[in-house]
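Work through the exercises below with the sequence and the 3D view open. Try each task before reading its solution.

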Amino acid sequence: METGISKNSFRLHTWIVFIYEEINEATGNEAYYVIQSDPLIIKKLTSDLEDESELGRLFDMDVLRPNGEKVDRAELGLSPRRCLICGGPAKECARSHTHTVEQLQERTLQILTKAMEGFQAKKAASLACRALLYEVCTTPKPGLVDRSNSGSHQDMDVFTFISSASALWPYFETCTRIGMATAKLPAPETFLRLRSAGKKAEADMFSATGGVNTHKGAIFSVGILCAALGRLPEEQWKIPDKVLLNGRRTAGCA
């Protein structure tokens, strides 16, 4: 995951990666890059990733000059990395074995779990909003709002739906997180906790559309769907390569 972030960052800087090697073993995950650029600029990027990204604190990214000399954070005026557990200087805690392996493993799991839940909730919200936008843009839909006309709904148009879908993005993320938080509880408990979020989402919709009801049904149905996704492991979100639809075989998609 962090490797992907690094690759994207390199592209933004128009850096050429001459050599890339990834190693995934039971002892851990490693990646090596050979890049032509100012070592201090590269170190600034890796330090930003370590300090600012959700998973950055779990990664140790060293930058070596051509002579093998390691670039230090102090050269950029940055403070040393902090301990995951107590917030003190990480090197001192590591050197003195201040914390047990079990404590480090528990803290690492907390960081990974929180980050993965965040990624999954955002993914579900993104897919939900995309579905709403695809639906309104499907043309023609006789009697309904589409890209060509408003059908029988003269109080709304395609832009009203776009505004509404955009306002509902946080709601769908919230629904997914509610599903995650109640995954080990009976399903009716998830449904009950969605009610207050749904009421707020309805108010947000009306605020975005000037009082027009564009997605009241979707707030109910798609909100439940996002919560159901939250209750499931992400690997169960994917549709098989081939799915049976209306008695015919069709290509599936994630």
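The exercises below concern a predicted model, and each is followed by a worked solution.

**Exercise 1. The fold in outline**

Task: State how many helices and strands the protein chain has, and in which order the elements run.

Solution.
Step 1. Count the elements: the chain has seven helices and four strands.
Step 2. Read them from the N terminus: the order is α-β-β-α-α-α-α-α-α-β-β.
Step 3. Turn to burial. Of the 254 residues in the chain, 30% are buried.
Step 4. Look at contacts between residues at least 6 apart in sequence: 52% of these contacts join residues at least 24 apart.

**Exercise 2. Two helices, α4 and α7**

Task: Set the span of α4 and of α7 against the expected value, then find which helices their buried residues pack against.

Solution.
Step 1. Begin with α4. Its 37 residues reach 54 Å from the first C-alpha to the last, close to the expected 54 Å at 1.5 Å a residue.
Step 2. List buried residues of α4: they include Ala121, Ala124, Ala125, Ala128 and Leu132.
Step 3. Recall the geometry of a helix. An α-helix has 3.6 residues a turn, so residues three or four places apart point the same way.
Step 4. Find the partners: the buried residues of α4 pack against α5 and α7.
Step 5. Repeat for α7. This helix has 16 residues and a reach of 23 Å, close to the 22 Å expected at 1.5 Å a residue.
Step 6. The buried residues of α7 include Ile219, Val222, Gly223 and Cys226. The partners they pack against are α4, α5 and α6.

**Exercise 3. The nonpolar cores**

Task: Describe the largest nonpolar core and say which element gives the largest share of it.

Solution.
Step 1. Recall a general tendency: in soluble globular proteins, nonpolar side chains tend to be buried together.
Step 2. Identify the members with the most contacts. The core has 19 residues, and those that touch the most other members are Leu132, Leu168, Tyr171, Phe172, Ile219, Val222 and Cys226.
Step 3. Assign the core to elements: α4, α5, α6 and α7 each give two or more residues. The largest share, six residues, comes from α5.
Step 4. Follow one member. Leaving out residues up to four places away in sequence, Val222 touches Ala128, Leu132 and Phe172.
Step 5. Look for another core: a second, separate one has eight residues, among them Ile35, Leu49, Met61 and Val71.

**Exercise 4. The second largest pocket**

Task: Give the volume of the second largest pocket and describe its lining.

Solution.
Step 1. The volume of this pocket is about 890 Å³.
Step 2. Its lining has 29 residues, and those nearest its centre are Asp60, Arg81, Arg82, Ala90 and Lys91.
Step 3. Helices α2 (39-52) and α3 (90-96) are the elements that give two or more residues to the lining. The most come from α3, which gives four.
Step 4. Sort the lining by type: 14 residues are nonpolar, three are polar and 12 are charged.

**Exercise 5. Buried, partly exposed or exposed?**

Task: Place Thr182, Cys137 and Asp38 in the chain and assign each to a class of exposure.

Solution.
Step 1. Thr182 lies in the loop between α5 and α6. Thr182 is buried, because its relative accessible area is 0% and the class takes values under 20%.
Step 2. Apart from neighbours within four places in sequence, Thr182 is in contact with Thr190, Arg193 and Arg231.
Step 3. Cys137 is in helix α4. Its relative accessibility is 31%, so Cys137 counts as partly exposed.
Step 4. Asp38 is in the loop between β2 and α2. Its relative accessible area is 38%, so Asp38 is also partly exposed.

**Exercise 6. Backbone exceptions**

Task: Describe the peptide bond from Thr139 to Pro140 and the phi angle of His97.

Solution.
Step 1. Recall the usual case: most residues other than glycine have a negative phi, and most peptide bonds are trans.
Step 2. The bond from Thr139 to Pro140 is cis, with omega near 0 degrees. Pro140 is in the loop between α4 and α5.
Step 3. His97 is not a glycine, yet its phi is positive, about 55 degrees.
Step 4. His97 lies in the loop between α3 and α4, and with a relative accessible area of 67% His97 is exposed.

Notes. Residues are numbered from 1 along each chain as its sequence is written. This is a predicted model: local features need pLDDT of at least 70, side-chain atom pairs count only at pLDDT 80 or more; totals for chains, interfaces and linings use all residues. Side-chain values use heavy atoms; hydrogens and water are left out. On a 1 Å grid over the protein atoms alone, a cavity is a set of points where a 1.4 Å probe fits but cannot get out, and a pocket is an open set with protein on both sides within 12 Å along at least five of seven lines; lining residues have an atom within 4 Å of a point. Grid points are joined across faces, edges and corners, and a volume is the space filled by probe spheres set on the points. Ala, Val, Leu, Ile, Met, Phe, Trp, Tyr, Cys and Pro count as nonpolar, Asp, Glu, Lys and Arg as charged, and the others, Gly among them, as polar. A nonpolar core is a set of buried Ala, Val, Leu, Ile, Met, Phe, Trp, Tyr and Cys residues joined through side-chain atoms within 4.5 Å. Buried means under 20% relative accessible area, exposed over 50%, partly exposed in between (1.4 Å probe, protein chains only). Contact means heavy atoms within 4.5 Å. The expected span of a helix is 1.5 Å times one less than its number of residues.
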